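Q: I am new to this structure and would like a close look at a single part of it. Please go through that part slowly, and relate it to what lies around it.

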Amino acid sequence: NPGYLLNAAGDVKAELSSLSMPLGIDRDVAFENSPAIPLEADDLLFLYTDGVVEAAAPDGNAFGVDRALDIMRRLRRQPAAEIVSALQAGIAAFTKTGVRQDDITVVVLRVTTEVAR
């Protein structure tokens, strides 16, 4: 799954395509660096496993990346932990069963700036 970098307005600033196998699968894998992406205050980095987008409603429809990104956009000014909790709640409400068919791992990072005093 690609990762996403959203800007302060909630627009997708970059889609982070996979360059290799997932981190941690094989300790001997060498990973390539991607081109640098400039980060700005209030950018949000969103990384997730396939369990997020493949979570299924009773009718078989998948939660999908668009629903996940909508939550990121709507709550982009909230702390990262609150965004993750809202995403988990959104998935649970969508699936209506509370039973996970796959692992769900989410990383949300917010770019901040420190003001020198």
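A: **The sheet and its surroundings**

Tyrosine 4 has its bridge partner in β2, where glutamate 15 takes that place. In this predicted model, another such match is found between glycine 3 and leucine 16, the latter again in β2 and standing opposite glycine 3. Both matches can be read against the pairing of β1 with β2, which is antiparallel and extends over four bridges. The two strands form a hairpin with five residues between them, and in this hairpin glycine 10 adopts a positive phi near 95°.

From this hairpin one can move outwards to the whole sheet, which is open, has four strands in the order β2-β1-β3-β4, and is paired in the antiparallel sense. Because β2 and β4 are at the edges and each has a single partner strand, one side of each is left without a neighbour in the sheet. From one strand to the next, the twist averages 15°.

The edge strand β4 deserves a closer look, since leucine 109 lies within this strand and counts as partly exposed, its relative accessibility being 45%, which falls between the limits of 20% for buried and 50% for exposed. Together with Leu47 and Val107, Leu109 makes a nonpolar surface patch of about 220 Å².

Helices also belong to the picture around the sheet. α3 lies across β3 and β4, and its direction is at about 150° to that of β4. In α2, which spans residues 64-74, the buried residues are Gly64, Ala68, Leu69, Ile71 and Met72. The cover over these buried residues of α2 includes the strands β1 (3-6), β2 (12-16), β3 (44-48) and β4 (106-110), along with the helices α1 (50-54) and α3 (80-95).

Between α2 and α3 there is a loop, and arginine 77 is found in it. With a relative accessible area of 56%, arginine 77 is exposed, and yet, when residues up to four places away in sequence are not counted, arginine 77 still touches Ala8 and Arg110. Arginine 77 can also be placed with respect to leucine 6: these two residues are 71 residues apart in sequence, while their C-alpha atoms are 12 Å apart in space.

Key. Residues numbered from 1 in each chain as written. Predicted model: local features only at pLDDT ≥ 70, side-chain atom pairs only at ≥ 80, totals over all residues. Heavy atoms only, no water. Buried < 20%, exposed > 50% of the residue type's maximum accessible area, 1.4 Å probe, protein only. Contact = heavy atoms within 4.5 Å. Patch = residues over 30% accessible without salt bridge, like charges linked within 9 Å, V, L, I, M, F, W, Y side chains within 5 Å. Areas by Shrake-Rupley, 256 points an atom, 1.4 Å probe, with all protein chains shown as cover. Salt bridge = Lys/Arg side-chain N within 4 Å of Asp/Glu carboxyl O. Pairing = 2+ DSSP bridges. Axes fitted to C-alpha atoms, helices over the stretch in contact; angles between N-to-C directions.
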